[in-house]
Amino acid sequence: MSRRAQLPPPPPPVEIRSWPDREALLADRAAVLGALVRAHVSPGRLAMLWLWGAICALGWLLVGTALVTFEESYDVISAGIGVIIAAMGVCCMVPAVVLVVIGLRRDRRIRRLLDVWGGLDRDPAGDAALRMPGAGTAWMLMSSVLCGVGAVTCFVVPATATPGRSTYSMVALVMGLGLISWLVGLIGLVKAFAHRRWVRRVLAGAPAPQPLISVGGGAHR
């Protein structure tokens, strides 16, 4: 995950803006918005989200395996192996969860910056590349599939579990994996819809009524 310092700052207040002309403002706006959109919904961000989800799922798989071991173990050695496996699972899950939370907070900052920079002006020709319909569709479709698989798993597994054949630990293991899939898919869907909403509200909306350029010195960078 990128650190906060790598995000661009918001544009200066109206009274101290010093772009020499509209072309300079649009050039800065395009550069910043391009970087922000790529940081929000690029294919690389989707792959990163799935990577952390996979690591979290691996961690829960280890924890679930430890639960199965505890449920079936009858000696100290098996219990000790279960503790080691559970510790390995926790070591996988905790960093993955923390990094996903950091990413969600960063996405919230990115959306605020997209609103303020996008509201500076309108450039229909230049803004076409910011819509990223292909990436947005990929986010929506892949996240929908993952979310659906996770939801079905969470409901179908306990409904089809039979006493004597399905243990509590095994049901918890599969339901946990389904819940992780559902959460990762839900995060992806929220990001995809947030991007589409931003495109419709900011890029296709009415221009901001306030003056955009102040008379003064050099270009703001």
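Reader: Are helices H1 and H6 roughly parallel or roughly antiparallel to each other?
Author: In this predicted model, local features need pLDDT of at least 70 and side-chain atom pairs count only at pLDDT 80 or more, while totals for chains, interfaces and linings use all residues. Residues are numbered from 1 along each chain as its sequence is written, and side-chain values use heavy atoms, with hydrogens and water left out. H1 (residues 22-41) and H6 (residues 168-203) are helices (DSSP runs of H or I with at least four residues, numbered from the N terminus), and they pack at an angle of about 160°, on a scale that runs from 0 to 180 degrees between N-to-C directions. Angles under 35 degrees count as roughly parallel, over 145 as roughly antiparallel, 65 to 115 as roughly perpendicular and the rest as oblique, and H1 and H6 are therefore roughly antiparallel.

Reader: How many nonpolar residues belong to the contact of H1 with H6?
Author: The contact (heavy atoms within 4.5 Å) is made by Arg 29, Leu 33, Val 37, His 40 and Val 41 of H1 together with Lys 191, His 195, Trp 198 and Leu 203 of H6. Asp, Glu, Lys and Arg count as charged, Ala, Val, Leu, Ile, Met, Phe, Trp, Tyr, Cys and Pro as nonpolar, and the others, Gly among them, as polar. By these classes the contact of H1 with H6 has 2 charged, 2 polar and, as the number asked for, 5 nonpolar.

Reader: How far apart are the axes of H2 and H3?
Author: Helix H2 (residues 43-72) and helix H3 (residues 76-118) pack at about 155°, and are therefore roughly antiparallel. Their contact has 21 nonpolar, 6 polar and 2 charged residues. With axes taken as lines fitted to C-alpha atoms over the stretch in contact, the separation of H2 and H3 is 7 Å.

Reader: How many disulfides does the structure hold?
Author: A disulfide is a pair of cysteine sulfur atoms within 2.5 Å. The closest cysteine sulfur to that of Cys 92 is in Cys 91, 7.1 Å away and so too far for a bond, and the sulfur of Cys 147 is likewise too far from its closest one, in Cys 154, at 9.7 Å. The number of disulfides is 0.

Reader: Is Cys 147 buried or exposed?
Author: Buried means under 20% relative accessible area, exposed over 50%, and partly exposed in between (1.4 Å probe, protein chains only). Cys 92, at 21%, counts as partly exposed, while Thr 160 in helix H5 (residues 133-160) is exposed at 53%. Cys 147 has 12% relative accessibility, so Cys 147 counts as buried.

Definitions and conventions. Helix = DSSP H or I, 4+ residues; strand = E, 2+ residues; numbered from the N terminus.
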